[in-house]
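This briefing summarises selected features of one protein structure for a structural biologist. The topics are helix packing, sheet architecture and one loop residue.

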Amino acid sequence: MEKKPLSSHWLTLWRQVFTTRWDIIVDLRRSALGYFLMNRKHHLIPKPDDQCHRVKFIARIVELEEKPPAPRIWITSQERTKAVTLLPDCGPILAVAPAANWRGKQWRAENFAALVSRIIAQDGLLPRAAVAVLGSADERQQADPVLAALPSDQRIDLVGTTSLLTLAACLERCSLFVGNDSGLMHMAAATGIPTLGLFGPSRETLYGPWGSHCRWVRTPQSFEELTGTSGYNHRTTDTLMDGLHVKVVEDALVKLWNQVKGMQDG
């Protein structure tokens with residue numbers, strides 16, 4: 001639903017759904033819409049809680065906080081078929097998402113380039129693996145240096161080339177994911193592949209990737225140290241991820257990979 005002036009999009013939505021009698025309404029925006037619809041149960045997201053991971057927080061709405069269901073993406077067979085054409089069977093694939101929705105959270109592209117070169121080196125974690133670089137069309141500037149660092153026969157450019165659901169289907173086919181705190185990081189986690197998220201000026205305790213195959217690594221500086229300086233503005237401040245070194249991320253990826261392999265081997 002596209003937002004409209006004077007919040008008239010809510011009226012548009014109401015017109016589309018008001019004739020249905022709903023069993024359960026779960027409102028993640030704390031809007032008034034649910035009060036004007038026929039329903040048996042109406043749940044509103046609670047007021048913000050900065051001490052609770054977002055998955056648990058949302059599960060709190062339906063009283064499942066103690067055992068929250070893991071996020072899941074519903075992917076169609078058509079999307080999976082498209083993914084096969086984009087990522088044919090070619091051995092291990094490393095997925096990389098080098099962008100984020102604001103600059104402060106973005107690890108520098110040259111760091112991602114150095115990292116993937118180490119991972120796919122002959123003596124690296126995934127020797128000669130293909131690398132799928134993911135992002136939206138407007139994130140091309142952050143992705144291009146990573147793509148340029150890859151041998152042409154190991155490079156898969158998925159930046160602004162397909163839909164989110166097809167990207168999710170592509171992620172399912174990957175062996176390992178590394179990326180900034182971003183929507184793509186959460187999508188990778190939801191597909192179940194080993195996922196490593198990179199954190200700096202955002203809270204991993206609230207937004208870390210969710211799942212037994214997920215880990216995070218952060219800058220030596222805490223969220224409070226990075227965001228508490230005078231002049232900090234998440235809309236204008238340059239990257240705050242420089243304290244995170246390539247070797248630290250590489251070691252975290254190796255550790256995650258070995259842990260997941262250990263789980264699979266029983």
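Which residues of H6 are buried? In this predicted model, the buried residues of H6 are Thr166, Leu167, Ala168, Ala169, Cys170 and Leu171. Their cover includes the helices H3 (77–86) and H7, together with the strands E3, E4, E5 and E6. The points below take up the contact with H7, then the sheet, and finally Ser202.

**Packing of H6 and H7**

- Helix H6 spans residues 164–172 and helix H7 spans residues 183–191; the two pack at an angle of about 55°, and their axes are 9 Å apart.
- H6 and H7 are therefore oblique to each other, an angle of 35 to 65 degrees falling outside the roughly parallel and roughly perpendicular ranges.
- The crossing that H6 and H7 make is right-handed.
- On the H6 side, the contact is made by Leu164, Leu167, Ala168, Leu171 and Glu172; on the H7 side, Leu184, Met187, Ala188 and Thr191 meet them.
- By class, the residues of this contact between H6 and H7 comprise 7 nonpolar, 1 polar and 1 charged.
- Leu167, Ala168 and Leu171 take part in the contact with H7 and are also among the buried residues of H6.

**The sheet**

- An open sheet is built from 6 strands in the order E5-E4-E3-E6-E7-E8, and the pairing is parallel.
- Strand E5 (155–159) and strand E8 (214–218) form the edges, each of them pairing on one side only.
- Averaged over the sheet, neighbouring strands are turned by 20° against each other, with direction ignored.
- Within this order, strand E6 (residues 176–180) and strand E7 (residues 195–199) are paired in the parallel sense over 4 bridges.
- Phe177 has Thr195 of E7 standing opposite.

**A helix across the sheet**

- Helix H4 (residues 109–119) lies across four named strands, namely E3 (93–97), E4 (130–135), E6 and E7.
- Relative to E3, helix H4 runs at about 170°.

**Ser202 in its loop**

- Ser202 is located in the loop that lies between E7 and helix H8 (204–207).
- With a relative accessible area of 7%, Ser202 is buried, because the cut-off for a buried residue is under 20%.
- Leaving aside residues up to four places away in sequence, Ser202 touches Lys105, Asp181, Arg218 and Phe223.
- One of these partners, Arg218, belongs to the edge strand E8 (214–218).

How values were computed:
Residues numbered from 1 in each chain as written. Predicted model: local features only at pLDDT ≥ 70, side-chain atom pairs only at ≥ 80, totals over all residues. Heavy atoms only, no water. Axes fitted to C-alpha atoms, helices over the stretch in contact; angles between N-to-C directions. Parallel < 35°, antiparallel > 145°, perpendicular 65-115°, else oblique. Left-handed = near helix turned anticlockwise from the far one by under 90°. Contact = heavy atoms within 4.5 Å. Nonpolar A, V, L, I, M, F, W, Y, C, P; charged D, E, K, R; others polar. Pairing = 2+ DSSP bridges. Buried < 20%, exposed > 50% of the residue type's maximum accessible area, 1.4 Å probe, protein only.
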